[in-house]
Amino acid sequence: MSLYKRLHETGGGGGASSSSLGHRKDPGLDELRHRVHSALIEELGPILYDKRLEEDELRRKVHEALHSAIAQERTPLSAADKAQLIQDVSDDILGYGPIDKLLRDDDVSEIMCNGPKQIYVERSGKLTLDDVTFVDEMHLRRIIDKIVAQVGRRIDESSPLCDARLPDGSRVNAVISPLAVGGPFLTIRKFAADPLRIDDLIRFGTLSVHSARFLQACIVGKLNVLVAGGTGTGKTTTLNVLSSFIPTDERIITVEDAKELQLAQDHVLSLETRPPNVEGKGEVTIRDLVKNTLRMRPDRIVVGECRSGEALDMLQAMNTGHDGSLTTLHANNPRDTLSRLETLVLMAGYDLPVRAIREQIASAVDMIVQLQRLRDGSRRITHITEVAGMEGEVVTLQDVFLFDYSAGVDEQGRFKGQLKPTGVRPKFAQKLADHGIRLGPEMFSTGVESAPSQGRRR
């Protein structure tokens with residue numbers, strides 16, 4: 001049967017449609033998109049998943065079939081409608097359907113599909129409901145399957161949760177039935193094609209010039225640093241920027257659930273976890289990978305996030321000669337960061353005394369960089385805090401830089417404050433001096449005024 005015949009016999013059945021289906025008013029055009037898409041899937045189905053076919057060749061075949069189908073279509077189309085139809089069906093077949101245009105939008109930092117008909121996006125730290133939709137659950141599910149398959153993972157009823165990534169490194173989380181009621185649910189944290197640098201964070205107001213110089217000195221001087229904050233506060237972005245300060249002559253090993261870090265150095269080895277197979281075997285966890293890095297002669301170990309027993313292995317690595325290690329974890333303030341780290345260490349399954357854990361933390365961790373997402377949607381470093389040691393049973397902290405909330409907000413409700421020194425000179429200044437890194441007194445002077453931030457909010 002010809003493609004033209006199938007176009008008119010498939011009616012509006014099944015298949016996925018375009019990004020316009022949720023908001024175009026002309027039902028005739030919507031029905032046309034249904035038919036064209038369904039027919040193309042049937043016509044080209046086998047070659048769409050042929051990995052031997054070059055992307056350019058696949059795109060050429062799809063466009064040839066698409067133009068042929070539209071040329072034989074009796075429905076009158078304006079030039080604009082025809083161009084939009086070609087774009088929409090191409091996005092569905094070659095890309096990620098309705099969310100393709102959101103992935104191309106540099107202003108969108110996160111995409112949240114709460115089922116096929118409700119898609120929220122984050123712009124400048126604020127959530128808004130977008131007007132694009134999927135046709136139905138099967139449409140959204142097919143896009144999820146496509147994303148997951150690209151990184152060799154699977155999602156089905158026996159494994160209805162999945163973490164994956166897009167080719168550009170953007171983080172993907174998917175949840176399907178029976179766990180997702182009203183789903184499937186798809187969440188994509190976009191990563192910029194051009195990773196942010198320290199100058200960008202200064203311009204956004206995430207930190208100040210003096211605190212940036214201080215953090216650079218700490219990374220070059222091989223201090224062990226925890227980057228802490230809540231969900232969506234910019235921990236991974238900050239970790240990426242801090243990692244950029246690592247000298248190029250050092251061997252760096254990164255460990256992540258799904259690869260997100262974009263380090264510019266040449267000598268970088270990236271390790272990624274593996275979920276269990278259909279039989280429940282073959283899983284490789286963050287903890288397995290952290291243990292393995294110790295046998296790979298690392299100069300630096302960078303763990304994307306500690307969320308379980310790997311925290312103990314990370315502390316042991318920091319305490320056994322692997323100085324300059326970096327990781328992130330979820331916590332609301334520096335004191336909570338230490339409490340959560342204690343809890344994660346206990347999740348390793350060892351019945352360790354609390355004092356022993358705290359001594360390990362005080363010995364291993366030099367500094368905490370705390371991030372918060374403020375009321376105006378901006379992401380700011382609010383504390384740069386030294387882990388000063390132990391006093392009795394308590395790990396002592398002292399703030400080296402603090403965010404100045406007292407500056408208030410401007411007419412648009414944006415915080416005017418900056419990260420400012422507290423006047424305290426950290427104890428690890430001597431350790432940095434031993435590495436030839438001198439921290440001048442002007443860096444910690446409370447009279448230092450930071451340049452105001454400008455540009456878009458993060």
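These are my notebook entries on the pocket, the sheet and the cavity of a predicted model.

**Entry 1, the largest pocket.** I looked up the volume of the largest pocket and got about 1,300 Å³. I then listed its lining, which comes to 50 residues. Those nearest the centre of this pocket are Ser109, Arg189, Lys190, Phe191 and Thr237. Next I sorted the lining of the largest pocket by class and found 20 charged, 17 polar and 13 nonpolar residues.

I also asked which elements supply at least two residues each to this lining. They are the strands β1 (108-114), β2 (119-123), β5 (171-175), β6 (185-189) and β11 (326-330), together with helix α9 (235-243). The largest share is that of α9, with six residues.

**Entry 2, helix α9.** Having seen α9 in the pocket lining, I checked its burial. Eight of the nine residues of α9 are buried, and I noted the helix as mostly covered. The buried ones are Lys235, Thr236, Thr238, Leu239, Asn240, Val241, Leu242 and Ser243. Thr237 is among the residues nearest the centre of the largest pocket.

**Entry 3, histidine 210.** I placed histidine 210 in helix α8, which covers residues 209-220. Is histidine 210 buried or exposed? Its relative accessibility is 19%, and the cut-off for buried is under 20%, so histidine 210 counts as buried. I also took the C-alpha to C-alpha distance from histidine 210 to lysine 420 and got 8.2 Å, for a sequence separation of 210 residues.

**Entry 4, the sheet.** I traced an open sheet of nine strands with mixed pairing. Its order reads β9-β8-β10-β11-β7-β12-β13-β14-β15. At the edges are β9 (268-272) and β15 (419-421), each of which pairs on one side only. From one strand to the next, the twist averages 30°.

I then went through the partners of β11 in this sheet. Strand β7 (residues 225-229) runs parallel to β11, and the two share five bridges. Within that pairing, glycine 229 has histidine 330 of β11 as its bridge partner, and valine 225 stands opposite leucine 326. β10 pairs with β11 in the parallel sense as well, over two bridges. There, valine 302 stands opposite leucine 326. Leucine 326 of β11 is thus faced by valine 225 and by valine 302. I checked the burial of β11 too: four of its five residues are buried, and the strand is mostly covered.

**Entry 5, helix α11 and the sheet.** Which strands does helix α11 touch? Helix α11 (residues 310-319) packs on the sheet and touches β7, β10 (300-303) and β11. Between the direction of α11 and that of β10 I read an angle of about 160°.

**Entry 6, the cavity.** I searched for cavities of 30 Å³ or more and the count came to one. The volume of the largest cavity is about 30 Å³. I listed its lining as Leu226, Cys306, Ala311, Met314, Leu315, Met318, Thr327, Leu329 and Leu341. The elements that give two or more residues to this lining are α11 and β11. Helix α11 gives the most, four residues. By class, I counted eight nonpolar residues, one polar and no charged in the cavity lining.

**Entry 7, cross-check.** I noted that β11 appears in both linings: it supplies at least two residues to that of the largest pocket, and two or more to that of the largest cavity.

Notes
Residues are numbered from 1 along each chain as its sequence is written. This is a predicted model: local features need pLDDT of at least 70, side-chain atom pairs count only at pLDDT 80 or more; totals for chains, interfaces and linings use all residues. Side-chain values use heavy atoms; hydrogens and water are left out. On a 1 Å grid over the protein atoms alone, a cavity is a set of points where a 1.4 Å probe fits but cannot get out, and a pocket is an open set with protein on both sides within 12 Å along at least five of seven lines; lining residues have an atom within 4 Å of a point. Grid points are joined across faces, edges and corners, and a volume is the space filled by probe spheres set on the points. Ala, Val, Leu, Ile, Met, Phe, Trp, Tyr, Cys and Pro count as nonpolar, Asp, Glu, Lys and Arg as charged, and the others, Gly among them, as polar. Buried means under 20% relative accessible area, exposed over 50%, partly exposed in between (1.4 Å probe, protein chains only). Two strands pair if DSSP finds at least two bridges between them. Axes are lines fitted to C-alpha atoms, for helices over the stretch in contact, and angles run from 0 to 180 degrees between N-to-C directions. Contact means heavy atoms within 4.5 Å.
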